[in-house]
Amino acid sequence: MNVLTRAAAGLGLAALLASPAVAQTKWDLPTPYPDGNFHTKNIVQFAEDVKAATGGSLQITVHANQSLIKHPDIKNAVRSGTVPAGELLVSRLANESPIYEVDSVPFLASSYDAAKKLYAAQKPILEKKLGEQGLMLLFSVAWPPQGIFAKQELNTLADLKGVKFRAYSKSTERVAQLAGMVPVQIEASDIATAFATGRVGAMITSPSTGTDSKVWDFLSHYYDTQAWLPRNMVIVNKAAFDKLSDAEKQAVREAARKAEERGWEMSAIETEEKTDLLAKNGIKVTAPSDDMKKGFAEIGATMTAEWEKAAGEDGKAILDAYRN
């Protein structure tokens, strides 16, 4: 072996030793919410945990605020393999099956403990539904309880009649209809513009979305109805997951378990902090009147019965497990 050959061989060996010991996999994970939102923060931590546990062999890049894929398209993008994973609101899939919207049936589960119990009852059937489409559930985290934001004081449910109401799911559209409001589909990232331009005059959403949108710039009242705790979920393309090594799969599962536990804790803290922040910025935060409570309870009973009928045997199984 001459000098040049030995030098080349030495450089090749040095390059090999300096290169990663294992192949690197990169995943893109789109989410609809901004960087400051607690769901996004939790997912970023999930990605960091995966990277650390795999020694960098699996790296997940989080794309916040619909910057990569719009919210309505995230599920299909994951299913098709356009992206390996993504976050979306579970109840956005209600048009596919009522099973996806049980967490958004008003007043069925209106506390964190109740919402966790409902999730446990729903989870086996939810995983089955996702699996039929080549998808896997990684973790699911609740939003803070939903309340009514409005431009004006609301003393009775009748005060909402005819109001253009921001809808983000089938359930919110039905609430609007039963209350005599006019539902208008508006994404979280478009809330400020929609109110500023008069496209909507009220909405039901979490204190988190309210503060993310700086509602004090265009609204005045928040009614803490605690109607339901809708959940987001992070899903993964099953084929993409199956390509991982056993060690990487275990790292993802463990990071997902921690993310779900952490996310629910963050949600409870978020509820208190963001409700206080609304008040500090001039939003009048109050409990709904007895008339509003009664009216919304009636809407909730109607929607629970409608949901159970539409969901069939799977729906009955979920409600039986939840109520027992």
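This is a walk through some helix packing and the empty spaces in a predicted model.

Let's start with α9, which spans residues 246-280. One of its partners is helix α2, residues 38-53, and the two axes come within 9 Å of each other while crossing at roughly 155 degrees. Angles over 145 degrees count as roughly antiparallel, so α2 and α9 get that label. If you look at the handedness, α2 passes α9 in a right-handed crossing. On the α2 side, the contact is built from F38, K41, N42, Q45, F46, D49, V50 and A53. Facing them from α9 are A251, V252, A255, A256, A259, R262, G263, M266, S267 and E270. Sort those residues by class and you get 10 nonpolar, four polar and four charged.

Now stay on α9 and turn to helix α4, residues 112-131. Here the packing angle is about 150 degrees, and the axes sit 12 Å apart. That angle makes α4 roughly antiparallel to α9 as well. The crossing of α4 and α9 is right-handed. From α4, the residues involved are Y112, A115, K116, Y119 and K123, and they meet E260, W264, S267, A268 and T271 of α9. By class, this contact comes out as five nonpolar, two polar and three charged residues. If you're colouring residues as you go, give S267 a special mark: it belongs to the α9 side of the contact with α2, and it also turns up where α9 meets α4.

Next, move over to α5 and α10. These helices pack at an angle of about 130 degrees, with 10 Å between their axes. That value makes α5 oblique to α10. Their crossing is right-handed. Select S171, R174, V175 and L178 on α5, then F296, I299, T302, M303 and E306 on α10, and you have the contact. Its residues divide into five nonpolar, two polar and two charged.

These two helices also lead us to the empty space in the model. Rolling a probe the size of a water molecule over the atoms shows where empty space is left. Which elements give two or more residues to the lining of the largest pocket? The pocket holds about 220 Å³ of space, and the elements in question are α5 (170-178) and α10 (290-323). α5 gives the most, with five residues. The full lining reads P98, E101, V105, K170, S171, E173, R174, Q177, M303, E306, W307 and A310. By class, that is five nonpolar, two polar and five charged residues. Some names should look familiar: S171, R174, M303 and E306 line the pocket, and they also take part in the contact of α5 with α10.

Finally, there's the space that is closed off. How many cavities of 30 Å³ or more are there? The count comes to three, and the largest cavity has about 130 Å³ of space. It is lined by 14 residues; to find the spot in your viewer, go to Y33, L89, W143, R166 and Y168, which lie nearest its centre. The lining of this cavity has six nonpolar, five polar and three charged residues.

Conventions
Residues numbered from 1 in each chain as written. Predicted model: local features only at pLDDT ≥ 70, side-chain atom pairs only at ≥ 80, totals over all residues. Heavy atoms only, no water. Axes fitted to C-alpha atoms, helices over the stretch in contact; angles between N-to-C directions. Helix = DSSP H or I, 4+ residues; strand = E, 2+ residues; numbered from the N terminus. Parallel < 35°, antiparallel > 145°, perpendicular 65-115°, else oblique. Left-handed = near helix turned anticlockwise from the far one by under 90°. Contact = heavy atoms within 4.5 Å. Nonpolar A, V, L, I, M, F, W, Y, C, P; charged D, E, K, R; others polar. 1 Å grid on protein atoms, 1.4 Å probe; cavity = no way out; pocket = protein on both sides within 12 Å on 5 of 7 lines; lining within 4 Å. Points joined across faces, edges and corners; volume = space filled by probe spheres on them.
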